[in-house]
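Here are my notes on the model, in the order I'd go through them with you. Have the viewer open as you read.

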Amino acid sequence: MQVTKTPAFVASRVFAHASYAKAFFQLGHTVAIYGMTIGLMFASLSVHYGVTLLLSLLAAAAYLRLFMIGHDCSHGSYLPHKWQNMLLGNMMGVLTNTPFQYWAGQHAMHHRSTGNLDKRGDGDVITRTVEEYVNSGWFSRLCYRVYRNPWVLFFFSAPLHFVVLQRIPLGEQSKTWGGWLSVLGTNLGILIYYGSMIAIFGLKPFLLVYVPVVMLSSLGAVWLFYVQHQFEDAYWERNDVWNYHDATLEGSSFYDLPRWLHWVSGNIGYHHIHHLNPKVPNYHLPTCYDDQPALQNARKLGIVESLSTAWLALWDEKAGKMVSFSSLGAPGRTTQ
């Protein structure tokens, strides 16, 4: 993948370096919050389950941050050396049900092809064009409508992805020894980790604590990666005119969140910068955005506006925008 050295990319390079101090501070307090909150959740089971569920919000936030730390490790950006990112990434993978090397390979393909209509399906939410949808059979349309229903996508498919689908190698990674070793190694680590928790606290308390945490964090992770590429005026082009620079800055939004939500989400809201230069670690993204005017012209997406993107499901090539199923008119055409 060749990256054109545009002014925006050059501006981002100033921040494309890892910091031991910032990385270990972020990792340390996130692990501490997660560990202490999980402990309090087990203790609260003897008080009232409502308290446990309230604590699960904080535990899920820390869990999500741990996943984002692993995400940075997959790009080799979180710590200065490759072996350090590999080691930490595998540890985060066990904690967050994500086989590190397997997921990193899938995610790298997403970065290389985001917004490319001829290279869809690698690490992405499946997206069809209006023409593809209209010209498919009724059963195929039904399956796609069910899949893209936001209640199914975020509340069923998200936890299914993290809990079940990542226990087996799928796609291109299933053809490599590294993919199999990553998945099976992570499964073994999860078995030891979860098995220890069950042995100490019992199966029922374990489920009462971990199910809401995994559900909430899975929903949050899938929503964040979904919403930053699935807005109405996103970027989708055929391979002959597709451009990496345009795909990053036009096809990845700046999710304009309150500061505390940027903290929860590991600054992944600065998604346009991350896609432009994945070597910028998450803890440098806010400063990179604030200090570089060349990086402040991305498509901003606020919380209220972002909620409406959940119903966008098809790319209309003629109109050049994402549309909902309800926008379709008679079969074979869209309402313009």
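1. Let's begin with helix 4, whose 14 residues should span 20 Å at 1.5 Å a residue, and the end C-alpha atoms are indeed 20 Å apart. The expected span here is 1.5 Å times one less than the number of residues. Helices (H or I, at least four residues) and strands (E, at least two) are DSSP runs, numbered from the N terminus.

2. Some ground rules. This is a predicted model, where local features need pLDDT of at least 70 and side-chain atom pairs count only at pLDDT 80 or more, while totals for chains, interfaces and linings use all residues. Residues are numbered from 1 along each chain as its sequence is written, and side-chain values use heavy atoms, with hydrogens and water left out.

3. Back to helix 4: its buried residues include Gln 84, Asn 85, Leu 88 and Met 92. Buried means under 20% relative accessible area, exposed over 50%, and partly exposed in between (1.4 Å probe, protein chains only). Helix 2 (20-44), helix 3, helix 5 and helix 9 (177-201) are among what covers them.

4. Just after helix 4, Asn 97 has a positive phi of about 60 degrees, in the loop that leads to helix 5 (100-113). Asn 97 is buried, at 4% relative accessibility.

5. Asn 267 also deserves a look: phi is near 60 degrees, positive in a residue other than glycine. Asn 267 sits in the loop between helix 12 (259-264) and helix 13 (271-276), and is buried at 11% relative accessible area.

6. Now the packing. The largest nonpolar core (buried Ala, Val, Leu, Ile, Met, Phe, Trp, Tyr and Cys residues joined through side-chain atoms within 4.5 Å) has 30 residues, and Phe 67, Met 68 and Trp 223 are among those with the most contacts inside it. Helix 3 (49-74), helix 8 (150-163), helix 10 (203-227) and strand 4 (312-316) each give two or more residues, with the largest share, 7 residues, coming from helix 10. A second, separate core of 29 residues includes Leu 55, Met 92, Ile 190 and Val 213.

7. Which residue is the nearest side chain of opposite charge to Arg 128? It is Glu 132, 5.9 Å away, and Arg 128 is buried with no salt bridge. A salt bridge needs a side-chain nitrogen of Lys or Arg within 4 Å of a carboxyl oxygen of Asp or Glu; Lys and Arg count as positive, Asp and Glu as negative, and His and the chain ends are not counted.

Terms used. Contact = heavy atoms within 4.5 Å.
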